[in-house]
Amino acid sequence: MAVQQAIPKARAGIPGGFSGSAVRADFPIFENPTGTGKRLVYLDAAASSPKPRVVIDTMADAYAHHYANVHRGIYELSEDATARFEAARRKLAGFINAPSERECVFVRNATEAINLVAYSWGRTNVGEGDRVITTQLEHHANIVPWQQLCAEVGATLEYVAITDDGQLDRDDLAAKLEPRDGRPPRLLALAHVSNALGTINPVTELTRLAHDAGALVLVDAAQSAPHMPVDVQAFGCDFLALSGHKMLGPSGIGALWARRQLLEEMPPFLTGGSMIIRVTLEGAEWNEVPYKFEAGTPAIVEAIGLGAAIDYLTAIGMDRVREHEKYLFERAWAALSEIPGVRLLGPADPETHAGVISMLLDGVHPHDVATIFDHEGVAVRAGHHCAMPVMLRYDIPATTRASFYVYNDLDDVEALSSAVRAAQTVFGVGH
Ligand SMILES: Cc1ncc(COP(=O)(O)O)c(C=O)c1O
């Protein structure tokens, strides 16, 4: 079966050049009726994105007609499955501009990618008295693995402070990058985009500062790879983590990119089948990269599905995706700013703010806000967004977060503003 590739048509005069409502036709989830009979306004891409039909069809087709285990069989079907799986790796490498697909390791998600680095590189390269630097705006996935590493080896974990408008405090970063007792920090681990505040960090510039200070750099691209161009060579970073399920692909597949030399030097993370070339009763010899880090049967069809998602995004163009979301962000920020009793978090400048808006409504708990939104057909996330240090920084328990993607449009921005007013009316606050 040939899987149809559906891509939004370019339209002149619209930022990004395409209409989100036209894109919605590619996503079967929008055909579902909501409990209230209202149109689904999905504003939770930052948690996980819906899947276009082409991803679902590609995966069904792979299971139905091209499925066997990979890298093992010497029969046609297995070679076919292997070719499709490895083609997905090449697509991923192209998507992030990796110098080679051999530097792209398939893992389950960004969390596993960061843990791989913390266990394999970290346990080998970070020792007693060393320092690892992360930031206060990270997702827990980019905090807890470093807390565990530092506790285990006797290193110190330091957090770059954030400003009132959710940007990294550059003076604090500069101070933390200074050597201590003649020793530079070992690693700067930071998000490209904050999932809780929407802040876009200037990773190319920050990577240069960290390298000048003698530290390696891990970029958590879980919230950026789906929404804007990500280029590991332009960033100059050493490691980059992403999750497939946030970028129109299936869950259960993600990737770690790392510089080839680092991957060659790092010991395996998980061990067992596939990651070896020879096993004797005395020991084992590791397979070449990236297979050294892919123990056991991988998520074969999920990788193929991710490849289809990458094709879909590439057909739109990541610059256009970013333009589209920037436009929606600007309009939403302006509309919400006009509503009394609404507090918006993160930078106001659309150049440094992705399509994620975290808000607080005076007098209403974020969970109650999200419940009223749901009655209006508007799906958002409420809570700490796995970024509790951000909540502590602003002394708030939670926020209500709306996040945009390719299938959103100005009608969704309108629905969001109306939902805010509806919540205020129900709770007798605000306007
Ligand atoms: C910035 C950031 N990093 C890491 C993660 C973890 O992603 P996953 O749960 O797919 O591993 C998330 C998930 O929301 C995130 O927003």
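Hi everyone, let's start at the ligand. It has 13 residues around it, and the closest are Asn109, Thr111, His139, Asn195 and Ser243. Sorted by class, that shell holds five nonpolar, seven polar and one charged residues. Please keep in mind throughout that this is a predicted model.

Now to the interior. The largest nonpolar core has 136 residues. Which residues have the most contacts inside that core? They are Ile96, Leu240, Ala241, Ala255 and Leu256. As for where the core residues come from, helix α10, residues 300-316, gives the largest share, with 10 residues. As a general point, nonpolar side chains in soluble globular proteins tend to be buried together.

Let me zoom in on leucine 256. Leaving aside residues up to four places away in sequence, leucine 256 touches Val105, Val107, Ala113, Leu116, Val117, Phe239 and Ala241. Ala241 is also among the residues with the most contacts in the core, so you can find both on screen together.

Next, strand β5, which covers residues 187-191. Is β5 largely enclosed or largely open, and why? Five of its five residues are buried, so β5 is largely enclosed by the rest of the structure. Here a residue counts as buried if 20 or more other C-beta atoms lie within 10 Å of its own. Both faces of the strand are covered: Leu187, Ala189 and Ala191 are buried on one side, and Leu188 and Leu190 are buried on the other. That fits the general picture, in which side chains of a regular strand alternate between the two faces of the sheet.

Who are the neighbours of β5? Strand β3, residues 131-135, pairs with β5 in the parallel sense over two bridges. Strand β6, residues 216-220, also runs parallel to β5, and five bridges join them. Leucine 188 is a handy landmark: isoleucine 133 stands opposite it, and its bridge partner in β6 is valine 217.

Let's move along the chain to another sheet. This one is an open sheet of four strands with antiparallel pairing, in the order β11-β12-β15-β14. The edge strands are β11, residues 342-344, and β14, residues 381-383, each of which pairs on one side only. From one strand to the next, the twist averages 30°.

Inside that sheet, I'd like to spend a moment on β12. Six of the six residues of β12 are buried, so this strand too is largely enclosed by the rest of the structure. Val356, Ser358 and Leu360 point one way, Ile357, Met359 and Leu361 point the other way, and all are buried.

On the β11 side, three bridges join β11 to β12, running antiparallel, and valine 342 has leucine 361 as its bridge partner. On the β15 side, four bridges join β12, residues 356-361, to β15, residues 399-403, and this pair runs antiparallel as well. Two positions are worth clicking on here: valine 356 has serine 403 as its bridge partner in β15, and serine 358 stands opposite arginine 401. There is a helix to look at too: α11, residues 318-337, lies across β11 and β12, at about 10° to β12.

I'll finish with a few single residues. What is the geometry of the peptide bond from valine 289 to proline 290? That bond is cis, with omega near 5°. Proline 290 sits in the loop between β10, residues 284-286, and α10, and α10 is the helix that gives the core its largest share.

Then there are two positive phi angles at residues that are not glycines. Asparagine 97 has a phi of about 55° and lies in the loop between α3, residues 76-95, and β2, residues 104-107. With 14 C-beta neighbours inside 10 Å, asparagine 97 counts as partly exposed. Aspartate 181 has a phi of about 50°, in the loop between α6, residues 170-177, and β5. Is aspartate 181 buried or exposed? Aspartate 181 is exposed, with 5 other C-beta atoms within 10 Å.

Last of all, methionine 388, which belongs to helix α13, residues 388-394. Methionine 388 is partly exposed, with 16 other C-beta atoms within 10 Å. From methionine 388 to glutamine 261 there are 127 residues in sequence and 35 Å in space, C-alpha to C-alpha. Thanks for listening, everyone!

Technical notes. Residues are numbered from 1 along each chain as its sequence is written. This is a predicted model: local features need pLDDT of at least 70, side-chain atom pairs count only at pLDDT 80 or more; totals for chains, interfaces and linings use all residues. A residue is near a molecule or strand if its C-beta atom, placed from the backbone, lies within 6 Å of it. Ala, Val, Leu, Ile, Met, Phe, Trp, Tyr, Cys and Pro count as nonpolar, Asp, Glu, Lys and Arg as charged, and the others, Gly among them, as polar. Two strands pair if DSSP finds at least two bridges between them. Axes are lines fitted to C-alpha atoms, for helices over the stretch in contact, and angles run from 0 to 180 degrees between N-to-C directions. Two residues are in contact if their C-beta atoms, placed from the backbone, lie within 7 Å. A nonpolar core is a set of buried Ala, Val, Leu, Ile, Met, Phe, Trp, Tyr and Cys residues joined through C-beta atoms within 7 Å. A residue is buried if 20 or more other C-beta atoms lie within 10 Å of its own, exposed if 12 or fewer, and partly exposed in between; C-beta atoms are placed from the backbone.
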